[in-house]
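Student: Got a minute to go through this model with me? I'd like to start with one odd spot and then move around.

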Amino acid sequence: MAESWVNHAERIGADLHLELSGPGGRRAALIRALREAVRGGRLAPGTRLPPYRSLAADLGVARNTVADAYAELVAEGWLTARQGSGTRVAERTLPLQAAAHGSAPASPRARRPRHDLRQGTPDVSAFPRAAWLASYRRALQKAPNEVFGPGDPAGRRELREALTEYLARTRGVRAEPGRIVICSGFAHALRLLSGQDGAGGGGVLRGPLAVEGYGLGFHRRLLRAAGVRTVPLPLDDHGALVGRLGRERSVLLTPAHQFPTGGPLHPERRAAVVDWARARGGLVLEDDYDGEFRYDRKPVGALQGLDPERVIHLGSVSKTLSPALRLGWMVLPEGYVGGVLAAKGEREAWASVLDQLALADLVVSGAYDRHVRRMRQRYRERRNRLVGALAARAPHIGVTGIAAGLHAVLRLPPGTERATLEAAARQGVAVDGLADFRHPETDMPSRDGLVVGYATPSDHAYQAALDALCAVLPPP
């Protein structure tokens, strides 16, 4: 029977870089080199070392030299040797710094809160692992050899075709594969459009960019770094006051569900902003960040459907699947495709081609739709539990923005936001304050509130998070 690839690889042995230098013979130099590799952490505890003959052949020394070196290091406790398991670095061996100064300190990482109610992430425990694995396997089996070469900066044709059908069916987007460019998420799309990535061809956004008076500060900072000045538009219960648009050439909106205050852009304002773009020769950037998650009625269609030549539709899987996938898309007016592709460069450098193929299969197979429907039901139940807990334990706290999305806004009594955030931090509750999202130049009155993400906690931890939240809210 033919020898398996794994057994063949183990017989040959893994590569191991060692420099034999210093006083003494080859055996002493080898022992010294192995000790230093273990001390410095380059050979981690449990690492399997190459067999005698493999390492001897690589280093140009006798097999007995390697065997003797291994035997001495086993006797000293640096290595372990067991029949059938080979020679490995001892599990209890510490790097040099740890041995000299005690246990190595833990890497500096932010302490995790007991209850995470921050906005921005889905329930990561609900990632459809089995469906994703099946799609990945099918995509890998069907992939032509050229998939493993440099990627197309526009993205894989398979994914762009799948998105064309999906976005038309679920969001009313008017597109074709040639107008879709794959990117690694919304922030990457902004960098490309502002000319921040790539050697040339970018800079679709010219002059000041109008944004909503409340939004993500991260996006404003990203645009500022690219030299794009943002001008805030006031908001009311019907979304951005687009009638206040003036000399700007572009505007960034969240028309399906204003972030973070909630609510869709009113139909009259949707038409008005498209008319403004046509008259000015401008652009509307549509951030469709959670367009799939609408609970009380049918989803609000994409603004892009009103005029594909004046609206850039931006989406990603960060809310529907996971931000770890780093996959997003731009549906562009025909005249802007070339500039964005020039900004990306001659080959795909950000979005994994294999992940693109797996996502295409997930969409075409229907598994993506099933996952979104399942999560829509789960998040609706989460929202209902939040609203019910507030009604029972803090009825004086108003809650808005609950018709869609993965977060709600809790309206606090004037002057209580900072104290509430401090109380939440003391109780291990991570939550965002509404003031953090306010544009520094807006003339809107400030509002006190909390932006509560109800998607992040796992199912078993959600009730405890709600209890902790209600306990820190200000009294009537």
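Student: Where does R326 sit?

Tutor: R326 is in the loop between β11 and β12 (328-331). Helices (H or I, at least four residues) and strands (E, at least two) are DSSP runs, numbered from the N terminus. Before we go on: this is a predicted model, where local features need pLDDT of at least 70, side-chain atom pairs count only at pLDDT 80 or more, and totals for chains, interfaces and linings use all residues. Residues are numbered from 1 along each chain as its sequence is written, and side-chain values use heavy atoms, with hydrogens and water left out.

Student: OK, what's the phi of R326?

Tutor: About 55°, so to speak on the positive side, although R326 is not a glycine. Most residues other than glycine have a negative phi, and most peptide bonds are trans.

Student: Is R326 buried or exposed?

Tutor: In between: R326 counts as partly exposed, because its relative accessibility is 39%. The cut-offs are under 20% relative accessible area for buried, over 50% for exposed, and partly exposed in between (1.4 Å probe, protein chains only).

Student: You mentioned peptide bonds. Which residues are joined by a cis one?

Tutor: F259 and P260, with omega at about 0°. P260 belongs to the loop between β9 (250-253) and α10 (267-280).

Student: What touches F437?

Tutor: Both residues of that cis bond, F259 and P260, are on the list. Setting aside neighbours within four places in sequence, F437 also contacts Q119, G213, Y214, G215, L216, R220, D432 and V451. Contact here means heavy atoms within 4.5 Å.

Student: And where is F437, buried or exposed?

Tutor: F437 is in the loop between β16 (432-433) and β17 (449-453). With 6% relative accessibility, F437 counts as buried.

Student: How far is F437 from V300?

Tutor: C-alpha to C-alpha, 24 Å in space, and they are 137 residues apart in sequence.

Student: Switching to helices. How do α6 and α12 cross?

Tutor: Helix α6 (residues 129-142) and helix α12 (residues 353-364) have axes that come within 8 Å and cross at roughly 115°. That angle makes α6 roughly perpendicular to α12. Axes are lines fitted to C-alpha atoms, for helices over the stretch in contact, and angles run from 0 to 180 degrees between N-to-C directions. Under 35 degrees counts as roughly parallel, over 145 as roughly antiparallel, 65 to 115 as roughly perpendicular, and the rest as oblique.

Student: Which residues of α6 and α12 meet?

Tutor: From α6 you have A131, W132, S135, Y136, R138, A139, L140 and K142, and they meet L354, D355, L357, A358, L359, D361 and L362 of α12. By class, that contact of α6 with α12 has 10 nonpolar, one polar and four charged residues. Ala, Val, Leu, Ile, Met, Phe, Trp, Tyr, Cys and Pro count as nonpolar, Asp, Glu, Lys and Arg as charged, and the others, Gly among them, as polar.

Student: What about α13 and α15, at what angle do they cross?

Tutor: Roughly 30°, with the axes of α13 (residues 367-393) and α15 (residues 459-472) coming within 10 Å. So α13 is roughly parallel to α15. The α13 side of the contact is R378, R382, R385, L386, A389, L390 and R393, and the α15 side is D459, Y462, Q463, L466, D467, L469, C470 and A471. Those residues of α13 and α15 divide into eight nonpolar, one polar and six charged.

Student: I see C470 in there. How many disulfides are there?

Tutor: Zero in the whole structure, a disulfide being a pair of cysteine sulfur atoms within 2.5 Å. C470 counts as buried because its relative accessibility is 10%, and C183 is also buried, at 1%.

Student: And T420, what does that one touch?

Tutor: T420 contacts L412, L450, V472 and P474, leaving aside neighbours within four places in sequence. T420 is in helix α14 (residues 417-426) and is buried, at 4% relative accessibility.

Student: Last one: how much of the chain is buried?

Tutor: Of its 476 residues, 51% count as buried. The chain has 15 helices and 17 strands.
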